[in-house]
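Let's walk through this structure together, from its nonpolar interior to its rings and cysteines. Have the side chains in view as you read.

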Amino acid sequence: MSRVRVLPDPGHLPALDRSFVIDRPALRLGADRPPPRILLLYGSLRQRSFSRLCVEEAARLLQLFGAETRIFDPSDLPLPDQTAGDDHPAVHELRELSMWSEGHVWCSPERHGQITGVMKAQIDHLPLSMGGMRPTQGRTLAVMQVSAGSQSFNSVNTLRLLGRWMRMFTIPNQSSVAMAYKEFGDDDRMRPSSYYDRIVDVMEELVRFTVLTRPHAAELVDRYSEQKEIGLRLAREDHAATAIAMQVD
């Protein structure tokens, strides 16, 4: 069972004025083919989740801008440490999707002035290091939040902190949608507004930064401490191999 959500009406963008749109906004910054690979996470399990609806609007825009998108459905994701060894299909799929990605979009509701537990659980299931692979390091990140009340930036500020901790390149722009229930029609599509226009701006910027950093991603995260750790590990392995060879002789 795949936990990648099917994006409804991917080419239908009723709130977008296409006369002002650059379809491939990163084209002058580098090679935007193959398409940048973007993983999108949302932070609510409600049937009508406004963080999910915002993520879907973002995914449609990203596809218009030349990216390939995957939206992860966290509905059966266990709590961190709930499953021994994190051996759960949802955890495995989330980590595989992050390894596949070049950039992320994180969108959380604000609850009690902070991100939700659903959002934090997804991030907590992404280790800094996993068998020598790094599911988040060097990837770009765009942060968004939805609020039931007046505009706030508590959730996006926390998501920025987490992105820095996960060694991601969080882009400067961000989106905070106030009174989100007023911003969507009965068809679950976002109405034209300055909030929608900001999401367009954020997705344009994410594609640009992803393409800009793509050729240098490995170099940008080449760290002394990690090289030293690898060197020490290799030294130990070489020492063990020498000892085994001596026993065989």
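What follows is a short tour of the packing in this predicted model.

A good place to begin is the largest nonpolar core, which has 39 residues. Within this core, L40, L61, L62, V105, I199 and M203 touch the most other members. Two or more residues each come from β1 (37–42), α1, β3 (103–109), β4 (140–146) and α5. The top contributor is α1, with nine residues.

To see this packing from one side chain, pick L40. Setting aside neighbours within four places in sequence, L40 is in contact with V55, A58, A59, L62, T69, R70, I71, F72 and V105. Apart from the largest core there is another one, of 20 residues, including V91, L159, M166 and M168.

Now turn to the aromatic rings, where the structure holds one pair. The ring centres of F50 and F184 are 5.6 Å apart and the planes meet at 40°, so this pair counts as tilted. The two partners are 134 residues apart in the chain: F50 belongs to helix α1 (residues 50–64), while F184 sits in the loop between β6 (175–177) and α5 (194–213). Both rings belong to buried residues, F50 and F184.

Finally, how many disulfides are there? The count is zero. A disulfide needs cysteine sulfur atoms within 2.5 Å, and the sulfur of C54 is 4.9 Å from its closest cysteine sulfur, that of C107, which is too far for a bond. Both cysteines are nonetheless tucked away from the surface by the accessibility criterion: C54 is buried at 1% relative accessibility, and C107 is buried at 0%.

Definitions and conventions:
Residues are numbered from 1 along each chain as its sequence is written. This is a predicted model: local features need pLDDT of at least 70, side-chain atom pairs count only at pLDDT 80 or more; totals for chains, interfaces and linings use all residues. Side-chain values use heavy atoms; hydrogens and water are left out. Rings of Phe, Tyr and Trp (its six-membered ring) pair if their centres lie within 6.5 Å; planes under 30 degrees apart count as stacked, over 60 as edge-to-face and the rest as tilted. Helices (H or I, at least four residues) and strands (E, at least two) are DSSP runs, numbered from the N terminus. Buried means under 20% relative accessible area, exposed over 50%, partly exposed in between (1.4 Å probe, protein chains only). A nonpolar core is a set of buried Ala, Val, Leu, Ile, Met, Phe, Trp, Tyr and Cys residues joined through side-chain atoms within 4.5 Å. Contact means heavy atoms within 4.5 Å.
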